[in-house]
Amino acid sequence: MDRSLLPLFAVLLSPWTAVGDPEGPAPVDGAPPSKIAVVGAGIGGSATAHFLRQHFGPEVQVDVFEKGEVGGRLATVTVNHNDYESGGSIIHSLNLHMQEFVKQLGLKYRRSIAGKTAVFNGKEMILEETDWYLLDLFRLWWRYGISFIRLQMWVEEIMEKFMRIYKYQAHGYAFSSVEELLDSLGGSGFINMTRRPLSDSLLELGVSQRFIDEVIAPVMRVNYRQNVSIPAFIGAVSLAGAQNNLWAVEGGNKLVCSGLLKIANANLRQAQVNAISPVQSGEALQYQLSFTTAARTGSELYDIVVLATPLQGSVGSGVQFQGFSPPFNQLPGNYHSTVATIVHGYLNTSFFGFPDPRLFPFASILTTETPDLFFNSVASVCPVNISTGFRRKQPQEAGVYKVFSPQPLDKSQLKTLFRSYYSVQVTEWQPYSHYGSSQGLPPVELHSNLYYLNGIEWAGSAMEMSSVAAKNIALLAYHRWNRQTDMVDQRDLMHRIKTEL
Ligand SMILES: Cc1cc2nc3c(=O)[nH]c(=O)nc-3n(C[C@H](O)[C@H](O)[C@H](O)COP(=O)(O)OP(=O)(O)OC[C@H]3O[C@@H](n4cnc5c(N)ncnc54)[C@H](O)[C@@H]3O)c2cc1C
Ligand SMILES: *[C@@H]1O[C@H](CO)[C@@H](O)[C@H](O)[C@H]1NC(C)=O
Ligand SMILES: *[C@@H]1O[C@H](CO)[C@@H](O)[C@H](O)[C@H]1NC(C)=O
Ligand SMILES: *[C@@H]1O[C@H](CO)[C@@H](O)[C@H](O)[C@H]1NC(C)=O
Ligand SMILES: *[C@@H]1O[C@H](CO)[C@@H](O)[C@H](O)[C@H]1NC(C)=O
């Protein structure tokens with residue numbers, strides 16, 4: 001089904017022109033920046049450090065502040081001597097920045113172990129994957145008719161447009177806002193898709209309500225722990241992720257973050273940034289970052305600052321903006337929590353209508369929007385290191401399962417889902433974007449040389465989205481510093497790029 005994207009690949013694989021060459025045009029008004037700070041060492045911050053190094057060259061000092069663990073929402077937990085992804089776990093084959101990082105860092109792709117998926121409605125399985133792809137297609141066709149094809153075409157068209165970003169970025173073009181970026185890829189249609197519910201877009205497309213309830217809703221529940229009122233753009237991005245061709249990083253996805261910091265030659269500073277304020281001395285504008293480490297509080301001046309952590313909402317990053325005029329404080333949006341529970345034990349297959357576990361053929365169970373279901377999904381998971389002899393545990397054996405739920409599971413809920421268990425590890429992910437704000441998308445440029453990465457999450461929250469935003473901010477910071485206005489927010493880029501080649 002990805003065949004239509006092949007010509008696009010051919011285009012993408014044509015020689016990319018080097019951009020942001022540090023030996024390129026000299027800054028109009030003097031020196032390069034000497035110090036840059038990035039706040040957050042998730043995939044967004046680590047990729048930003050890497051791209052900043054590429055564009056600004058070897059001299060500039062790049063400090064990356066991290067209050068917790070490198071990797072952020074890419075994290076693992078250990079069960080029985082093996083590590084398992086507890087946050088971002090799946091990467092799509094069209095995620096070209098992530099692929100490039102893995103290649104550059106010499107990391108390996110983790111083998112994926114086949115496993116079947118089913119959809120549970122609280123009483124029974126309403127959709128069951130089989131061994132045979134054609135049969136599944138036929139069943140989908142039988143049950144949902146044209147909806148399935150319409151959806152696939154819609155997602156492909158969006159992906160194809162979205163992938164223009166790689167060409168634009170390879171040619172060095174940057175965007176000053178998420179709106180400008182989306183507009184250049186898919187016109188006002190893309191921007192509108194960040195504002196309207198997924199269900200509206202799909203119904204308008206002619207996708208049936210039944211298909212939305214039985215297929216789309218379960219995918220949104222597992223990917224975003226939210227319902228089909230999620231903005232259409234985010235929905236489309238995660239539906240692409242529901243197709244095949246998915247992979248992960250051997251040893252854990254967070255290895256990409258530590259690897260990028262290393263090749264960027266960035267200084268990792270284990271500290272929480274508490275406040276940022278502008279400091280004007282003569283012509284020069286700098287930013288003072290105040291931070292606390294385990295041992296002390298301190299502050300330091302930087303020429304450019306990139307905030308690579310969600311800022312919005314009540315939870316936020318704890319960063320205060322001081323002395324900005326006009327003042328800016330709260331950015332729009334709010335967050336909801338999601339809980340990942342990793343259980344080592346025996347799945348209660350009776351709960352899903354299979355009293356004999358040996359007859360239970362599924363590795364992942366998604367769920368429909370059902371009021372009294374206390375979980376969104378449960379799946380048998382593979383460790384981040386897969387040896388050649390590895391096989392997935394059968395349901396009659398003790399295995400490692402990941403359950404996503406809106407609230408932590410209580411004992412009786414665990415006893416319902418599992419016949420018995422050895423261990424339970426809970427990761428409460430907070431904050432996590434709750435989409436569907438009507439206030440518009442958050443800004444990328446907060447101040448002259450102060451940038452915000454995670455506004456991109458309003459258009460989609462995924463490793464690749466943070467990576468795309470990281471590349472954009474590195475380019476934007478570089479062009480702004482060097483006053484190259486002709487590389488920012490340019491129109492008609494598809495045409496311009498053709499004539500540049
Ligand atoms: C349960 C779950 C499942 C997911 N599944 C997938 C998936 O399958 N595929 C996919 O592509 N994406 C997935 N995602 C989304 C993906 O994980 C995120 O989009 C991505 O990791 C975000 O990276 P980031 O660097 O932008 O933000 P983060 O990873 O949140 O990084 C921000 C960092 O900033 C640090 N920080 C915050 N404030 C401060 C401060 N004041 N001072 C210093 N440091 C600070 C934080 O500690 C954190 O490390 C999932 C997310 C979750 C939670
Ligand atoms: C997006 O919305 C605007 C305003 O509602 C409208 O004018 C425009 O035609 C829409 N674009 C598309 C492609 O639907
Ligand atoms: C989805 O959830 C939101 C609140 O999180 C709610 O307002 C909305 O009505 C729900 N939509 C559907 C279709 O269930
Ligand atoms: C897991 O894989 C990573 C990356 O290949 C490797 O560095 C690490 O040593 C492996 N760990 C184990 C326990 O095999
Ligand atoms: C398993 O599920 C069945 C059916 O919902 C339930 O009756 C039982 O209490 C559950 N727990 C165990 C430990 O079997």
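**Ligand shells and strand pairing**

Modeller: The shell around ligand 1 divides into 16 nonpolar, 16 polar and five charged residues. This is a predicted model.

Colleague: Which residues around ligand 1 are the closest?

Modeller: Of the 37 residues that surround ligand 1, the closest are Gly44, Glu66, Arg73, Ile90 and Ser466. Glu and Arg count as charged and Ile as nonpolar, while Gly and Ser fall among the polar residues.

Colleague: What makes the pair of ligand 1 and Val273 a polar contact?

Modeller: A nitrogen atom of ligand 1 is 2.9 Å from a polar backbone atom of Val273. The limit for a pair of N or O atoms is 3.5 Å, so the pair qualifies. Backbone atoms of two other residues pass the test with oxygen atoms of ligand 1: Ile43 at 3.1 Å and Ser89 at 3.2 Å.

Colleague: How much of ligand 1 does the protein bury?

Modeller: Taken alone, ligand 1 exposes 1000 Å², and the protein buries 92% of that. Helix 2, strand 2, strand 11 (272-281) and helix 13 are the elements that give two or more residues to the shell.

Colleague: How do you know which residues belong around ligand 5?

Modeller: A residue is included if one of its heavy atoms lies within 4 Å, and therefore the list reads Asn348, Ser350, Phe351, Lys415, Thr416 and Arg419. By kind, they divide into one nonpolar, three polar and two charged. A polar side-chain atom of Asn348 lies 2.3 Å from an oxygen atom of ligand 5, and a backbone N or O atom of Lys415 lies 3.2 Å from a nitrogen atom of that ligand. Of the 360 Å² of accessible area that ligand 5 has on its own, the protein covers 47%.

Colleague: Which residues are around ligand 4?

Modeller: They are Glu250, Gly251 and Asn385. In the side chain of Asn385, an N or O atom is 2.4 Å from an oxygen atom of ligand 4. The protein buries 37% of the 360 Å² that ligand 4 exposes when taken alone.

Colleague: Why do strand 10 (267-270) and strand 23 (445-447) stand at the edges of their sheet?

Modeller: The six strands follow the order 10-2-1-14-24-23 in an open sheet with mixed pairing. Strand 10 and strand 23 each have a single partner strand, so one side of each is left without a neighbour in the sheet. Neighbouring strands are turned by 20 degrees against each other on average, direction ignored.

Colleague: How do you know that strand 1 (residues 35-39) and strand 14 (residues 304-307) pair?

Modeller: At least two bridges are required, and four join these parallel strands, so they pair. Within them, Ile36 stands opposite Ile304. Helix 2 (residues 43-56) packs on the sheet, touching strand 1, strand 2 (61-66) and strand 14. Helix 13 (residues 463-481) lies across strand 14, strand 23 and strand 24 (450-452).

Colleague: What makes strand 11 and strand 15 (residues 320-321) a pair?

Modeller: They have two bridges in the parallel sense, and the requirement is at least two, so the condition is met. Gln320 is the bridge partner of Ala275. Strand 11 also pairs with strand 12 (residues 284-292), in the antiparallel sense over nine bridges. In that hairpin, with two residues between the strands, Gly282 takes a positive phi near 65 degrees.

Notes. Residues are numbered from 1 along each chain as its sequence is written. Chains are lettered from A and ligands numbered from 1 in the order in which they are written. This is a predicted model: local features need pLDDT of at least 70, side-chain atom pairs count only at pLDDT 80 or more; totals for chains, interfaces and linings use all residues. Side-chain values use heavy atoms; hydrogens and water are left out. Axes are lines fitted to C-alpha atoms, for helices over the stretch in contact, and angles run from 0 to 180 degrees between N-to-C directions. Contact means heavy atoms within 4.5 Å. A polar contact is a pair of N or O atoms within 3.5 Å; within protein, one must be able to donate a hydrogen and the other to accept it, and residues adjacent in sequence count only if both atoms are side-chain atoms. Accessible areas come from the Shrake-Rupley method with a 1.4 Å probe; for residues, only the protein chains shown count as cover.
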